[in-house]
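Got the model open in your viewer? Switch to cartoon view, keep the selection box handy, and let's walk through a few stops.

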Amino acid sequence: MPLPSQVYLWDQRTLYIGPLAEPLNLSQGAATLAVSLDHPIAFKTPDMADEIECHSLLLPPGLKICVNTRNAIVVNCNLEPMGSDLAAFTEQMSEESNKVKYNLTNKELFQDSFRSIYEKQMNATDAYQVVQSLVKYASDRQTIQHKIDPRILSVIDNIKTNVDHNISIEALAASIHLSVPRLVQLFKQQTGVPIRRYRLWHRLFVTATNIGKGNSLTDAAVAAGFADSAHFSHSFRSMLGMKPSLILSQPNSIRINVS
């Protein structure tokens, strides 16, 4: 009998491990590391003529791309929003096409680490330690250091703290003593996505976390700032390229692990 798929929800990252039967049409709000634990997957951006096969790929936030998972056991790890993980993993990729870095130089290490999470059905704490060890492995080999702007970190903390309120961009800018145009510019430079896109991404995360805690889809979505479950489902599909039911109603079952 197939193992249950696993979803891990942490403050800085999220992780999915399991089969995916449908191609994913993505335009994500977070940088993503995808790794196949068995046969190759493939990707294609809108301006590519043909798919490229690979075992791993690193996607910058906001990039439109179709990932053909070919029913593989897939790891989908959404990275922390300030770009540190993305910068570290970028230097671990051996190839690039259309802004997509692919094929980890030490794919066996990453596959074995993620496979241990999946096969052992680890809890959220143990799984996070494994992910942290991979981030440290990449960071220790990083040659170009990534700088984090504390002002943008403050804006992100403000958005997280007030997830059920639409704090205006004007108020966010005033909180760190910047003009609105400068905040918009710096936020996009640091995170790779506009403020509105990041806010939506975080609301999806909060909704999933609330579902993992046992709340209904409707209650979880409203608590995260969505108008209703239909608004959540539309946003989920536009951001992640699939219906929530593809994740939540898998034939092998799914476990949501909240830290």
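Two strands pair if DSSP finds at least two bridges between them. Keep that rule in mind for the first stop, and remember that this is a predicted model.

**Stop 1: the sheet**

Select E3 and E8 together: 4 bridges join them, and they run antiparallel. One spot to zoom in on is Ser 27, which stands opposite Lys 64 in E8.

Now add E5 and E6. You should have an open sheet of 4 strands, in the order E3-E8-E5-E6, with antiparallel pairing. Why do E3 and E6 each have one side without a neighbour in the sheet? Strand E3 (24-27) and strand E6 (52-54) stand at the edges with a single partner strand each, so there is nothing in the sheet on the other side. Tilt the view a little: on average, neighbouring strands here are turned by 30 degrees against each other, direction ignored.

Next, select residues 41-44 (strand E5) and residues 64-68 (strand E8). This antiparallel pair is joined by 3 bridges. Show Ala 42 and you'll find its bridge partner in E8, Asn 68. Phe 43 has Val 67 as its bridge partner in E8.

Stay on E8 and turn on side chains. In a regular strand, side chains alternate between the two faces of the sheet. Which residues of E8 are on its covered face, and which on the uncovered one? Ile 65 and Val 67 make up the covered face, while Lys 64, Cys 66 and Asn 68 are on the uncovered one.

**Stop 2: two packed helices**

Hide the sheet and select residues 150-161 (helix H4) plus residues 195-212 (helix H7). Their axes are 10 Å apart and the helices pack at an angle of about 45 degrees. H4 and H7 are therefore oblique to each other, and their crossing is right-handed.

For the contact itself, show Ile 156, Ile 159 and Lys 160 on the H4 side; these meet Ile 195, Tyr 198, Arg 199 and His 202 in H7.

**Stop 3: the aromatics**

Finally, colour Phe, Tyr and Trp. The count of aromatic pairs comes to 8. Go to Phe 226 and Phe 232: the ring centres are 5.7 Å apart and the planes are at 75 degrees, so this pair is edge-to-face. Are these two buried or exposed? Both Phe 226 and Phe 232 are buried.

For a last selection, pick Tyr 8, Trp 10 and Tyr 128, which form one aromatic cluster.

Methods: Residues numbered from 1 in each chain as written. Predicted model: local features only at pLDDT ≥ 70, side-chain atom pairs only at ≥ 80, totals over all residues. Heavy atoms only, no water. Axes fitted to C-alpha atoms, helices over the stretch in contact; angles between N-to-C directions. Phe/Tyr/Trp six-rings, centres within 6.5 Å; stacked < 30°, edge-to-face > 60°. Buried < 20%, exposed > 50% of the residue type's maximum accessible area, 1.4 Å probe, protein only. Parallel < 35°, antiparallel > 145°, perpendicular 65-115°, else oblique. Left-handed = near helix turned anticlockwise from the far one by under 90°. Contact = heavy atoms within 4.5 Å.
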